[in-house]
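Open the model in your viewer and keep the selection tool at hand. The tour goes from one selection to the next and says what is there.

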Amino acid sequence: MIIAIGIANVPWMARIVRSQGLSIRERDFVKAAESLGLSHPRIIVRHILPNCIAPLIVQSTLSMGYAVLTEAALGFVGVGIQPPTPTWGNMLQQAFPMLEQQPLLSIVPGVAIFLLVLSFNCVGDALRDLLDPRLRGVIH
């Protein structure tokens, strides 16, 4: 299911790469590379694609968080993976009727979902900080 959600995000990722590429194409360092006579494939590989990677990584980690949330929501509603297989959405659904007697049965899977999505977002932000050429040498 998560793979299907990931495949559904391919057009979104393509739009991000295209918009970043069009934006970077107009910058001075690309114009300088063109004036030096570099070929278009070399300019794309050496100048444009490295600057497109950081937003793509951030969006892909955000998409992984959305995929986890979507799977948990579908499991909670009962449309996702069926109950013999444990998922956090199924755990929340089964614990919902016992919320007043055993609140930890609902809190633990909810906190686990929260921490997983938060960790995807933090990893994406850290990777962006490491890989973004515009942020090299900047102290946070």
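A residue counts as buried under 20% relative accessible area, as exposed over 50%, and as partly exposed in between. Keep in mind that this is a predicted model.

**Stop 1: valine 17**

Select valine 17, which lies in helix α2, residues 10–25. Is this residue buried, partly exposed or exposed? Its relative accessible area is 29%, so valine 17 is partly exposed. Show its surroundings: leaving out residues up to four places away in sequence, valine 17 touches Cys52 and Leu56. Now add valine 108, which is 91 residues from valine 17 along the chain. The C-alpha atoms of these two valines are separated by 38 Å.

**Stop 2: helices α3 and α4**

Next, select residues 28–35, which form helix α3, and residues 40–77, which form helix α4. Two packed helices are described by the angle between their axes and the distance between the axes. For α3 and α4, the axes come within 10 Å and cross at roughly 165°. An angle over 145 degrees counts as roughly antiparallel, and α3 and α4 are therefore roughly antiparallel to each other. The crossing of α3 past α4 is right-handed.

Show the side chains where the two helices meet. On the α3 side they are Phe29, Val30, Ala33 and Glu34; on the α4 side, His40, Ile43, His47, Ile48 and Asn51. By type, the residues of this contact of α3 with α4 are five nonpolar, three polar and one charged.

**Stop 3: asparagine 51**

Stay in helix α4 and select asparagine 51. Its relative accessibility is 7%, so asparagine 51 counts as buried. Which atom lies 2.6 Å from a polar atom of the side chain of asparagine 51? Select histidine 47 to find it: the atom is the backbone oxygen of that residue.

**Stop 4: serine 63**

Move along to serine 63, also in helix α4. With a relative accessibility of 9%, serine 63 counts as buried. Not counting residues up to four places away in sequence, serine 63 touches Asn9 and Met13.

**Stop 5: threonine 61**

Now select threonine 61, another residue placed in helix α4. Its relative accessible area is 5%, and so threonine 61 is buried. Leaving aside neighbours within four places in sequence, threonine 61 is in contact with Phe120, Asn121 and Gly124. Add valine 123 and look at the backbone: the C-alpha atoms of threonine 61 and valine 123 are separated by 7.5 Å, with these positions 62 residues apart along the chain.

**Stop 6: helices α4 and α6**

Keep α4 and add helix α6, residues 104–131. The axes of α4 and α6 are 8 Å apart, and the helices pack at an angle of about 175°. That makes α4 roughly antiparallel to α6. Among the α4 residues that meet α6 are Ile53, Ile57, Thr61, Gly65 and Leu69. Those of α6 include Ile113, Val117, Phe120, Gly124 and Arg128. The residues of this contact of α4 with α6 divide into 15 nonpolar, four polar and one charged.

**Stop 7: helix α5**

Last, select residues 88–95, helix α5. Which residues of α5 are buried? They are Gly89, Asn90, Leu92 and Ala95. Show α4 and α6 again, since these are the helices that the buried residues of α5 pack against.

Conventions:
Residues are numbered from 1 along each chain as its sequence is written. This is a predicted model: local features need pLDDT of at least 70, side-chain atom pairs count only at pLDDT 80 or more; totals for chains, interfaces and linings use all residues. Side-chain values use heavy atoms; hydrogens and water are left out. Helices (H or I, at least four residues) and strands (E, at least two) are DSSP runs, numbered from the N terminus. Buried means under 20% relative accessible area, exposed over 50%, partly exposed in between (1.4 Å probe, protein chains only). Contact means heavy atoms within 4.5 Å. Axes are lines fitted to C-alpha atoms, for helices over the stretch in contact, and angles run from 0 to 180 degrees between N-to-C directions. Angles under 35 degrees count as roughly parallel, over 145 as roughly antiparallel, 65 to 115 as roughly perpendicular and the rest as oblique. A crossing is left-handed if the near helix is turned anticlockwise from the far one by less than a right angle, and right-handed if clockwise. Ala, Val, Leu, Ile, Met, Phe, Trp, Tyr, Cys and Pro count as nonpolar, Asp, Glu, Lys and Arg as charged, and the others, Gly among them, as polar. A polar contact is a pair of N or O atoms within 3.5 Å; within protein, one must be able to donate a hydrogen and the other to accept it, and residues adjacent in sequence count only if both atoms are side-chain atoms.
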